[in-house]
Amino acid sequence: MDQPNALPATADIVIIGAGIQGCASAYYMAKTGMKVVLVDKSRIAGQQSSRAWGFVRVQMRDPDEIPLMEAGKKLWRGLEAELESDLEWNEGGALYASGTPAIMAYREKWFATARPFGLDTRLLSAAEVRNMLPNLASQVSGGLYTQSDGHAEPRKAAAAFALRARDLGAVILEGCGALAIERSGGAVSGVATEWGEVKASNVLLCAGASSWRLLKQLGIMLPQSYVRGSVARTNILPHVTDAAFVGDGIAFRKRQDGSFNIASSMHGDVDVTLDHLRLAPWYWSAYRDSAKGLTLHVGAPLLKDLCQRMPWREEARLPSIHAREPMIEPQQERLRDAARLLERAFPHIGRVGIAEQWAGNIDTLPDGIPVLDAPAAVPGLLVATGFCGHGFALGPIVGKTMNDLVQGTQTDFNLRPFRLARFAEGDVKQPLSIW
Ligand SMILES: Cc1cc2nc3c(=O)[nH]c(=O)nc-3n(C[C@H](O)[C@H](O)[C@H](O)COP(=O)(O)OP(=O)(O)OC[C@H]3O[C@@H](n4cnc5c(N)ncnc54)[C@H](O)[C@@H]3O)c2cc1C
């Protein structure tokens with residue numbers, strides 16, 4: 001994408017972070033004629049938004065997010081036409097097979113909670129799962145299926161929003177980190193960036209796992225942390241299902257070219273830093289509940305973190321920027337295991353090879369749902385962050401909702417569960433899942 005080289009002196013809104021939340025918000029705001037400046041310390045969708053599996057699902061979502069996600073799916077259905085871009089959108093459903101009665105019971109519990117929303121989710125018997133997956137070789141107790149769920153390509157979606165936002169006049173600057181959100185008389189007055197200052201009476205903070213750093217400068221505490229997730233792209237494989245699939249310890253979706261994105265559905269890695277230790281009281285119960293699924297890495301990550309805190313390091317000199325392009329290593333062994341599990345579950349596909357692998361730091365909040373807010377305490381500030389491993393799917397509706405908030409239009413959703421102040425108030429529920 002061509003890069004403009006000048007920072008405008010003023011804007012109606014400055015958006016910090018060009019992940020899918022920032023790019024979608026820039027698009028919907030520019031569409032209304034707002035003068036939008038979007039800055040990223042690195043590049044468009046350089047972090048989570050291009051590293052996701054690509055599931056777009058309401059299935060197994062926190063009930064507070066269900067109305068948003070249902071509206072979000074309506075946007076996804078028309079997005080390729082609206083953005084004039086191929087996003088590899090596939091409305092192939094989401095199918096979660098349950099290998100044991102205990103897993104089935106967990107999914108039945110979610111199903112009961114989600115029932116009032118009138119979703120098209122169905123509980124499946126073991127026979128129905130086998131009917132949908134005739135080649136499945138493993139044990140199955142039943143399943144959960146949502147026909148209207150789907151999947152799309154993360155490497156394309158945020159970039160498509162950014163391209164169209166630029167067409168509508170948004171200025172998008174890569175390699176331009178936000179140093180601080182500026183205030184005058186308590187209200188937002190602009191953003192100090194590495195390229196200079198932009199005056200604006202609105203600022204949207206959607207800097208992924210770094211959002212807490214900019215809030216801290218405003219005296220606002222956000223207990224945001226991260227878990228490392230690893231993903232692989234396989235060789236081109238025979239057809240299994242169009243659905244986004246979870247079961248037997250693996251998650252996968254078929255890409256447009258016939259290869260699969262695969263991952264362990266049950267495992268994440270925590271690279272323990274001083275910030276993880278500082279936030280341990282917030283996460284203690286979530287970590288305990290998912291203890292089997294999390295591997296803690298203590299030595300090398302802690303040492304690296306301590307080095308980054310040395311006063312001469314860029315990470316320490318520019319705390320709001322911190323690591324500009326963090327090197328995030330995939331857990332290769334876990335991905336090899338996922339490939340073997342896939343071979344075992346569907347023997348007809350033959351040998352599963354790994355063509356590419358990557359990892360991303362999934363930003364987390366202790367209650368497993370994001371912050372979507374325009375907090376009254378800081379007039380002009382909007383925040384969209386902490387998506388806990390499922391914010392790719394929410395990106396379009398979040399962009400639209402942030403536009404509603406900045407325009408002062410009534411949103412269609414109850415955003416109270418997503419308010420920033422819930423952490424200061426201590427009104428933090430148990431998470432369905434934090435990643
Ligand atoms: C391995 C993995 C699998 C996932 N699978 C799914 C899935 O299947 N479905 C789903 O819905 N979600 C999934 N997710 C989660 C999803 O990717 C995220 O929730 C979503 O992309 C978050 O978008 P974002 O815009 O908030 O953050 P990000 O994409 O992380 O973007 C934040 C941006 O802010 C920039 N930034 C940070 N600090 C500054 C600063 N000071 N100044 C300027 N810019 C700054 C960063 O450079 C970055 O580009 C997955 C995530 C991972 C890592």
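Two strands count as paired if DSSP finds at least two bridges between them. The structure shown is a predicted model.

**Figure 1. Strand β16 and its two partners, β13 and β15.** β13 and β16 meet that condition, pairing in the antiparallel sense over 3 bridges. In this pairing, Arg 233 stands opposite Asn 261 of β16. Strand β15, residues 250-254, is also antiparallel to β16 and is joined to β16 by 5 bridges. Ala 251 has Ala 263 of β16 as its bridge partner. Between β15 and β16 lie 4 residues, and the two strands form a hairpin. Gly 258, in the turn, has a positive phi of about 95°. Strand β16 covers residues 259-264, and 5 of its 6 residues are buried, so the strand is largely enclosed by the rest of the structure.

**Figure 2. The shell around the ligand.** The ligand is surrounded by 39 residues. The closest are Gly 17, Gly 19, Gly 208, Gly 360 and Gly 391. By class, the shell has 20 polar, 16 nonpolar and 3 charged residues. Helices α1 (20-31), α2 (48-51) and α13 (391-407) are among the elements that each supply at least two residues of the shell. Strands β2 (36-40), β13 (225-236) and β19 (354-364) also supply at least two residues each.

**Figure 3. The six-stranded sheet.** An open sheet is formed by 6 strands in the order β8-β2-β1-β12-β21-β20, with mixed pairing. At the edges stand β8 (171-174) and β20 (371-373), each with a single partner strand, so one side of each has no neighbour in the sheet. From one strand to the next, the twist averages 20°. At the β20 edge, β20 pairs with strand β21 (residues 381-385) in the antiparallel sense over 3 bridges. Asp 373 stands opposite Val 383 in β21.

**Figure 4. Helices α1 and α13 against the sheet.** Helix α1 lies across β1 (13-16), β2, β8, β12 (203-205) and β21. The direction of α1 is at about 170° to β2. Helix α13 packs on the sheet and touches β1, β12, β20 and β21. The angle between the directions of α13 and β21 is about 165°.

**Figure 5. The largest nonpolar core, with Val 36.** This core has 124 residues. Val 14, Ile 16, Cys 23, Ala 26, Val 36, Phe 161 and Val 203 touch the most other members. Helix α1 gives the most to the core, with 8 residues. Beyond residues up to four places away in sequence, Val 36 touches Ala 11, Asp 12, Ile 13, Ile 15, Ala 26, Met 29, Ala 30, Ala 165 and Ala 170.

**Figure 6. The three-stranded sheet.** Three strands form a second view of sheet pairing, an open sheet with the order β9-β10-β11 and antiparallel pairing. β9 (178-184) and β11 (196-199) are the edge strands, each pairing on one side only. On average, neighbouring strands here are turned by 25° against each other, direction ignored. Strand β10 (residues 187-193) is joined to β11 by 4 bridges, and the two run antiparallel. The bridge partner of Gly 190 in β11 is Lys 199.

**Figure 7. Two loop residues with positive phi, Ala 45 and His 322.** Ala 45 is placed in the loop between β2 and α2. Its phi is near 50°, a positive value in a residue other than glycine. Ala 45 has 26 other C-beta atoms within 10 Å and is therefore buried. His 322 lies in the loop between α11 (314-317) and α12 (332-345), and the phi of His 322 is near 55°, again positive in a residue other than glycine. His 322 has 18 C-beta neighbours inside 10 Å, so His 322 counts as partly exposed.

**Figure 8. Surroundings of Ala 94 and Arg 344.** Ala 94 is found in strand β4, residues 94-98. Ala 94 is buried because 24 other C-beta atoms lie within 10 Å. Apart from neighbours within four places in sequence, Ala 94 is in contact with Phe 55, Arg 57, Gln 59, Thr 146, Asp 149, Ala 243 and Ala 244. Arg 344 is placed in helix α12. With 14 C-beta neighbours inside 10 Å, Arg 344 counts as partly exposed. Leaving aside neighbours within four places in sequence, Arg 344 is in contact with Ala 137 and Ser 138.

Conventions:
Residues are numbered from 1 along each chain as its sequence is written. This is a predicted model: local features need pLDDT of at least 70, side-chain atom pairs count only at pLDDT 80 or more; totals for chains, interfaces and linings use all residues. A residue is near a molecule or strand if its C-beta atom, placed from the backbone, lies within 6 Å of it. Ala, Val, Leu, Ile, Met, Phe, Trp, Tyr, Cys and Pro count as nonpolar, Asp, Glu, Lys and Arg as charged, and the others, Gly among them, as polar. A residue is buried if 20 or more other C-beta atoms lie within 10 Å of its own, exposed if 12 or fewer, and partly exposed in between; C-beta atoms are placed from the backbone. A nonpolar core is a set of buried Ala, Val, Leu, Ile, Met, Phe, Trp, Tyr and Cys residues joined through C-beta atoms within 7 Å. Two residues are in contact if their C-beta atoms, placed from the backbone, lie within 7 Å. Axes are lines fitted to C-alpha atoms, for helices over the stretch in contact, and angles run from 0 to 180 degrees between N-to-C directions.
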